[in-house]
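I opened my notebook to look at how two chains sit together and how helices pack. Here is what I looked up, entry by entry.

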Protein chains: 2
Amino acid sequence: MRQLFELCGEDRDICFSPYVWRTRMMLLHKGLEFERVPLWFLEKEPLAPANSKTVPVLNDNGTWVMDSFKIARYLDETYPEKPLFGSETALNQAAVLNTWTTKNILMPIFPMLVADIHAVLDAENAAYFRKSREGFLGKTLEEAQSPRDEMLPKFGKSLQDLRTILQETPYLSGQAPAWFDYAVFGTLMWPRVISNFEILAEDDVLYAWREKMLDLFDGHARKAKLAY
Amino acid sequence: MRQLFELCGEDRDICFSPYVWRTRMMLLHKGLEFERVPLWFLEKEPLAPANSKTVPVLNDNGTWVMDSFKIARYLDETYPEKPLFGSETALNQAAVLNTWTTKNILMPIFPMLVADIHAVLDAENAAYFRKSREGFLGKTLEEAQSPRDEMLPKFGKSLQDLRTILQETPYLSGQAPAWFDYAVFGTLMWPRVISNFEILAEDDVLYAWREKMLDLFDGHARKAKLAY
């Protein structure tokens, strides 16, 4: 039995965690079947066997692995076919790019959709989310999100190196999608599922790349239930 | 004839450009002979055939290439043996890591040694350097450099992912040094050549790694002339 523990809204079909989306795409890349276990923010008990308080958590027939990067490494070690990294060099470099993706994509996106995340939660989880995130942001969720139009240009600039790559190869990892594609794309599924606020322009090469990623695995990500 | 155009102090044996050091190490990695052409900041004429105003510039038998990352790619395309990148995935990822290295290593180091750079230049180049860099920094070189002890902890933290890598493999690129090692190490040769201010602690795994890098190619980098 293979289970992927996910984060969900009040509607358990609204799966929006950027790190879970990375992992989901990597499991699909490997061609591994899995059962989704969608959890609310406050449902921590099912993650205890992995000694984790955050998703994603993978239960692979009794082997529990937490953290999307550790899961990616585990998958390549355990199921070497269809590698996610492809070489030790690429794996080593990915350790830096994993943090890069968080700092340059996830963190800048966060304030742009933080009130929209709140809106998909039930009352109890919404209260928890508001209290913890407003403490982190130092302002209300609505204050944080309202200037999102003005945040887009700086965010767009931080993606410039990705565009440079896509001018030469169809995917971030080269001729075919692999770890870096799923790391970036998974992060972009977060705003896509949660919010109708579009963070990429239609003429952006990243927009076209995201379309291709949405089509992978029989359009798996394109079929994701949206919150709006 | 193969020429590498470098940046130097009044003493033309003091070669300190971080980007030049990357390139020098990559040429050694490839086992390619080259003649060094050390230039002062204000000596731009020799770079004109490459349409460049900055070093490194490589003249490879009449093929002129500028920019350390472009030179790295050129070297792998032209001399495929002993690859610097090793795979298209690693090359694509390197495009992001190249900027990462500038932002997380080069830029934080810059204020820590900016007055020491000034000290190795002749009067005319020193005046140019002071004027342009003080404009960029918004303060005097001495004011920028003086709190360098306090800058070290934050700088050290930004290298954490590199330490994680080195806990598992001897080099940043894996079992043997390659592009990412030279990119980071070349940047660290800048403070080493210019300043007696030590930016790594002796018990830092990066310190031990740098020692190994200094030993490569018959201790080439270790033999570099120091400014102090």
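**Entry 1: a pair of helices side by side.** Before looking, I wrote down the rule I need: helices whose axes make an angle under 35 degrees count as roughly parallel, and those over 145 degrees as roughly antiparallel. I also noted that the model I am reading is a predicted one. Then I looked up helix 1 (residues 18–30) and helix 2 (residues 68–78) of chain A, whose axes come within 9 Å and cross at roughly 10 degrees. Helix 1 of chain A and helix 2 of chain A are therefore roughly parallel to each other.

Which residues of helix 1 of chain A meet helix 2 of chain A? I listed A:Tyr19, A:Arg22, A:Thr23, A:Met26, A:Leu27 and A:Lys30. From helix 2 of chain A, their partners are A:Ser68, A:Ile71, A:Ala72, A:Leu75 and A:Asp76. Sorted by class, this contact has 6 nonpolar, 2 polar and 3 charged residues.

**Entry 2: helices at a slant.** Next I turned to chain B and took helix 1 (residues 18–30) with helix 8 (residues 179–194). Their axes come within 7 Å and cross at roughly 130 degrees. Helix 1 of chain B and helix 8 of chain B are therefore oblique to each other. I also noted the hand of this crossing, which is right-handed.

On the helix 1 side of chain B, I found B:Pro18, B:Trp21, B:Arg22, B:Met25, B:Met26 and B:His29 making the contact. On the helix 8 side, the residues include B:Trp179, B:Tyr182, B:Phe185, B:Trp190 and B:Val193. The residues of this contact divide into 11 nonpolar, 3 polar and 1 charged.

**Entry 3: helices running opposite ways.** Staying in chain B, I checked helix 3 (residues 88–119) against helix 6 (residues 148–158). The axes come within 11 Å and cross at roughly 165 degrees, so helix 3 of chain B and helix 6 of chain B are roughly antiparallel to each other. Is their crossing left-handed or right-handed? I found that helix 3 of chain B passes helix 6 of chain B in a left-handed crossing.

Helix 6 of chain B brings B:Arg148, B:Met151, B:Leu152, B:Phe155 and B:Ser158 to this contact. Among the residues of helix 3 of chain B that meet them are B:Trp100, B:Ile105, B:Pro108 and B:Asp116. My tally by class reads 10 nonpolar, 2 polar and 2 charged residues.

**Entry 4: the unusual backbone spots.** I reminded myself that most residues other than glycine have a negative phi, and most peptide bonds are trans. In chain A, a cis peptide bond joins A:Val55 and A:Pro56, with omega about 5 degrees. A:Pro56 is found in the loop between strand 2 (35–39) and strand 3 (57–60) of chain A. I then looked at A:Asn51, whose phi is positive, near 60 degrees, although this residue is not glycine. A:Asn51 also has its place in the loop between strand 2 and strand 3 of chain A.

In chain B, I found a cis peptide bond between B:Val55 and B:Pro56, where omega is about 0 degrees. B:Pro56 is in the loop between strand 2 (35–39) and strand 3 (57–60) of chain B.

**Entry 5: the two chains together.** How can chain A be laid on chain B? A turn of 180 degrees with a shift of 0.0 Å along the axis does it, with an RMSD of 0.0 Å. The two copies are thus related as by a two-fold rotation axis. In chain A, the C-alpha nearest that axis belongs to A:Ala90, 2.5 Å from it. The same surface serves both copies, as 100% of the contact residues of chain A recur in chain B.

Last, I looked up the interface itself, where 28 residues of chain A are in contact with 28 residues of chain B. The chains bury about 2,100 Å² between them, 51% of it on carbon and sulfur atoms. Of the area that chain A buries against chain B, A:Asn92, A:Gln93 and A:Val96 supply 28%, more than any other three residues.

Conventions. Residues are numbered from 1 along each chain as its sequence is written. Chains are lettered from A and ligands numbered from 1 in the order in which they are written. This is a predicted model: local features need pLDDT of at least 70, side-chain atom pairs count only at pLDDT 80 or more; totals for chains, interfaces and linings use all residues. Side-chain values use heavy atoms; hydrogens and water are left out. Copies are superposed by least squares on the C-alpha atoms of residues with pLDDT of at least 70 in both. Contact means heavy atoms within 4.5 Å. Axes are lines fitted to C-alpha atoms, for helices over the stretch in contact, and angles run from 0 to 180 degrees between N-to-C directions. Helices (H or I, at least four residues) and strands (E, at least two) are DSSP runs, numbered from the N terminus. Angles under 35 degrees count as roughly parallel, over 145 as roughly antiparallel, 65 to 115 as roughly perpendicular and the rest as oblique. A crossing is left-handed if the near helix is turned anticlockwise from the far one by less than a right angle, and right-handed if clockwise. Ala, Val, Leu, Ile, Met, Phe, Trp, Tyr, Cys and Pro count as nonpolar, Asp, Glu, Lys and Arg as charged, and the others, Gly among them, as polar. Buried area is the accessible area (1.4 Å probe) that two parts lose on being put together, summed over both.
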